[in-house]
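Okay, thanks for letting me go first today. Let me put the structure up, and then we'll walk through it piece by piece.

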Amino acid sequence: MMGPLGLLKNLRFAKLRVAAFMAALTGIIAGAPLSSALAWEGNGTPVPWQLDLPSGATVIGRQLASFHQELLIIITAITVFVFILLAYVAIRFRRSANPVPTRTTHNFTIEVIWTVVPVLILAVIAFPSFKLLYYMDRAEKPEMTLKITGHQWYWNYELPDQKVEEYSSNLIPDDKIGPSQIRLLSVDYPLVVPVDTTIQILINGADVIHSWLVGDLGVQKSAFPGRTNETWMKIDKEGTYYGQCTQICGDRHGYMPIEVHAISKEKFAQWTDLVQHSTAKDKMRDANEKVLGLDYKWMDSPSKTAEVAPPAGASDQRVTASR
Ligand SMILES: [Cu+2]
């Protein structure tokens, strides 16, 4: 049994907790628009104190980021409004200030307002959302095609217009990560595409559902087995962009990163030429070394942790064997 003193202590404690919670909530609400102002300039690699969506290297990426900002403003306004309303009700109608409760159950005007206003807010959100969805859906006049296939657990890329045959892009093992590479994001043979080119992306999965996401490029598309999904991108900033598989696809889901090198059209022509006509044993390695300046010395000695990265095609054999 709790004595009157204990009850009082408990009440005080409850009040303190409510006050702390409200202060925290106010902090979060006040901080939300501030965080959006700190849009993070990166390439998909995590940076300390990073907040918000990447700044974007495609029109879609930037439109997604600005739509996100608009939504954040609407969400913040609604949250602040509801919070103020709750605080007002809790204080104004507390038992001591309002000993005889009213028996009101209906108010026609208020009911109309709380139905119509949310509908209007949703319509305001839906219009730009659908516009953007349709814009992202497919390219108007694609200049080239990129085929992406998700495998357990690596990505395959093919550039049929440039006669670049399907190749695998595997994670670099931990013990081979050099100063120019990023652990869990760098791959052996990255995807190479030209800038200022409308690229039609055709994507599917070889075994299970995967999802190709590169935040800076504003691309996220699911890779289903037996179905080809379409999207597009037109990169306007040269650079290296990273992404990851965003569909839980098995125990090495976190080890199939995406590395995209966006280079000038001239360099891209040089790259495709080398990939086809290089006299080196590993043509793509030669092209990547010469055009992208990638360091492949790590490949010349065996990896101690390589058993965690199965060789390309390993899962295909397993799938065939089970059939
Ligand atoms: Cu996956």
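**Starting from one helix**

So, let's begin with helix H5, residues 283-292, where Met284, Ala287, Asn288 and Val291 are buried. Now look down the axis of H5: those buried residues fall within an arc of 95°, so they line one face of the helix. If you're new to helices, here's the background: an α-helix has 3.6 residues a turn, so residues three or four places apart point the same way.

What do the buried residues of H5 pack against? Two things: strand E3, which is 164-169, and helix H4. And just after H5 ends, you reach glycine 293, with a positive phi of about 70°.

I should say right away that this is a predicted model. Zooming out for a second, the protein chain has six helices and 10 strands. It runs to 323 residues, and 24% of them count as buried. Take the contacts between residues at least 6 apart in sequence: 63% of those join residues at least 24 apart.

Okay, on to the sheet. In which order do its five strands come? They go E4-E10-E9-E6-E7, in an open sheet with mixed pairing. At the edges stand E4 (191-194) and E7 (219-223); each has a single partner strand, so one side of each has no neighbour in the sheet. From one strand to the next, the twist averages 25°.

A quick reminder for the first-years: strands of a sheet pair through backbone hydrogen bonds, either parallel or antiparallel. Here, E4 pairs with E10, residues 258-263, in the parallel sense, over four bridges. For example, leucine 191 has valine 260 in E10 as its bridge partner. Helix H4, residues 265-277, packs on the sheet and touches E4 and E10, with its direction at about 135° to that of E4. That's the H4 we met before, the one the buried residues of H5 pack against.

Last stop: glycine 56, in the loop between helix H1 (4-37) and helix H2 (59-92). Buried or exposed? Well, 20 or more other C-beta atoms within 10 Å makes a residue buried. Glycine 56 has 20, so it counts as buried.

And what is glycine 56 in contact with, leaving aside its neighbours within four places in sequence? Gly61, Arg62, Ala65, Asp216 and Gly218. There's also valine 214, which is 158 residues from glycine 56 in sequence, yet 9.9 Å from it in space, C-alpha to C-alpha.

That's my tour, thanks!

Conventions. Residues numbered from 1 in each chain as written. Predicted model: local features only at pLDDT ≥ 70, side-chain atom pairs only at ≥ 80, totals over all residues. Buried ≥ 20, exposed ≤ 12 C-beta atoms within 10 Å, placed from the backbone. Contact = placed C-beta atoms within 7 Å. Pairing = 2+ DSSP bridges. Axes fitted to C-alpha atoms, helices over the stretch in contact; angles between N-to-C directions. Arc of directions from axis to C-beta.
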